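Here is a short note for a colleague who has not yet looked at this structure. Please read the points with the model open beside the text.

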Amino acid sequence: MKHIFTLAIIMASAVSLTVPATAQKAKTGKAKKETVIKLNAPDMENGVTLMAALQNRQTNRNFAAQELGWQQLADVLWAAGGVNRTDNGKRTAPTARNAQEIDIYAFTSAGVFFYDAPNHQLKRIADNDCRASLYDRGNFGKAPLILVYVGNFDKMQGFDEQGRNFYSATDVGFVSQNVYLYCATQGLSTVVCGSFNRDNANKVLNIKNGKLLLAQPVGYPEK
């Protein structure tokens, strides 16, 4: 039987990233914060067809507080913008001139993390739970995972200002749709938010040359 771990427990654990999952579970009582967390390989045996995912794709603004499974976290991040061609490092979502400028940040109960797609791992940005600071209304901050998408202009050399704004805004749509389709396969809720507190988000992310584009909560639907 596969072991299922909650997002908060594993990301707050002090275990070595190379030990087996069963050993990880035994050590989750320790409180040390990992700075780099290696994610599981994406599960390619989902078994849901593309047409079924499209049929089930929808926006749901209601979220339960239940944590996502560890495999779900790995899968949704890979779906959003992971490397799907290891020979050339290209991603699941297209970007103009292959700039790969959409940076993905994960706001969770265990802190804030940057998704390092080439290495399929999380890098800790902050220890605090900053989810509630992203929203002034609604229950979106209740979602166990909030993805924040940033257009990293340092990666867009050769684009003028208009091009950076246009193409980053276009490319983030591909990323968010990938997340929608993944959620449709798992029965998860998600919604793309153009309206969120960018000032509070940037107090954590400290973006110098880029643009905070969208936020996308992900979680189980509230029953």
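Which residue in β6 is the bridge partner of Ile 37? The answer is Leu 122, and the points below place this pair in the wider sheet.

1. Status and overall content. The model is a predicted one. Its protein chain has six helices and nine strands. Of the 223 residues in the chain, 48% count as buried. The accessible surface of the chain amounts to about 11200 Å², and carbon and sulfur atoms hold 50% of that. Among contacts in the chain with a separation of 6 or more, 70% are between residues 24 or more positions apart.

2. The sheet. Seven strands make up an open sheet, with antiparallel pairing, and the order is β1-β6-β5-β4-β7-β9-β8. The edges are taken by β1 (36-38) and β8 (189-190); each has a single partner strand, so one side of each has no neighbour in the sheet.

3. The β1 end. Three bridges connect β1 and β6, which are antiparallel. The pair of Ile 37 and Leu 122 belongs here, with Leu 122 in β6. On the other side of β6 in the strand order comes β5. Strand β5 (residues 111-116) pairs with β6 in the antiparallel sense over five bridges, and Phe 113 has Arg 124 in β6 as its bridge partner. The hairpin of β5 and β6 has four residues between the strands, and His 120 there takes a positive phi near 45°.

4. The middle of the order. Strand β4 (residues 102-108) is joined to strand β7 (residues 145-152) by seven bridges, again antiparallel. In this pairing Tyr 105 is opposite Val 148 of β7. Helix α5 (residues 161-186) packs on the sheet and touches β4, β7, β8 and β9 (210-219); the direction of α5 makes about 10° with that of β9.

5. Strand β9 and its partners. Eight bridges pair β7 with β9 in the antiparallel sense, and Asn 152 stands opposite Gly 210 in β9. Strand β8 is joined to β9 by two bridges, and these strands also run antiparallel. Thr 190 has Val 218 of β9 as its bridge partner. Is β9 mostly enclosed or open? Eight of its ten residues are buried, so β9 is largely enclosed by the rest of the structure.

6. A buried loop residue. Ala 143 is in the loop between β6 (121-126) and β7. Its relative accessible area is 0%, so Ala 143 counts as buried, the cut-off being under 20%. Which residues does Ala 143 contact, leaving aside neighbours within four places in sequence? They are Phe 63, Arg 131, Pro 217 and Val 218. Val 218 is also the bridge partner of Thr 190. Arg 131 is twelve residues from Ala 143 in sequence, and their C-alpha atoms are 8.2 Å apart.

7. A surface patch. Leu 50, Met 51 and Leu 54 make a nonpolar surface patch of about 330 Å². Leu 50 is part of helix α3 (residues 50-56). Is Leu 50 buried or exposed? Its relative accessibility is 54%, and exposed means over 50%, so Leu 50 counts as exposed.

Notes. Residues numbered from 1 in each chain as written. Predicted model: local features only at pLDDT ≥ 70, side-chain atom pairs only at ≥ 80, totals over all residues. Heavy atoms only, no water. Pairing = 2+ DSSP bridges. Contact = heavy atoms within 4.5 Å. Axes fitted to C-alpha atoms, helices over the stretch in contact; angles between N-to-C directions. Patch = residues over 30% accessible without salt bridge, like charges linked within 9 Å, V, L, I, M, F, W, Y side chains within 5 Å. Areas by Shrake-Rupley, 256 points an atom, 1.4 Å probe, with all protein chains shown as cover. Salt bridge = Lys/Arg side-chain N within 4 Å of Asp/Glu carboxyl O. Buried < 20%, exposed > 50% of the residue type's maximum accessible area, 1.4 Å probe, protein only.
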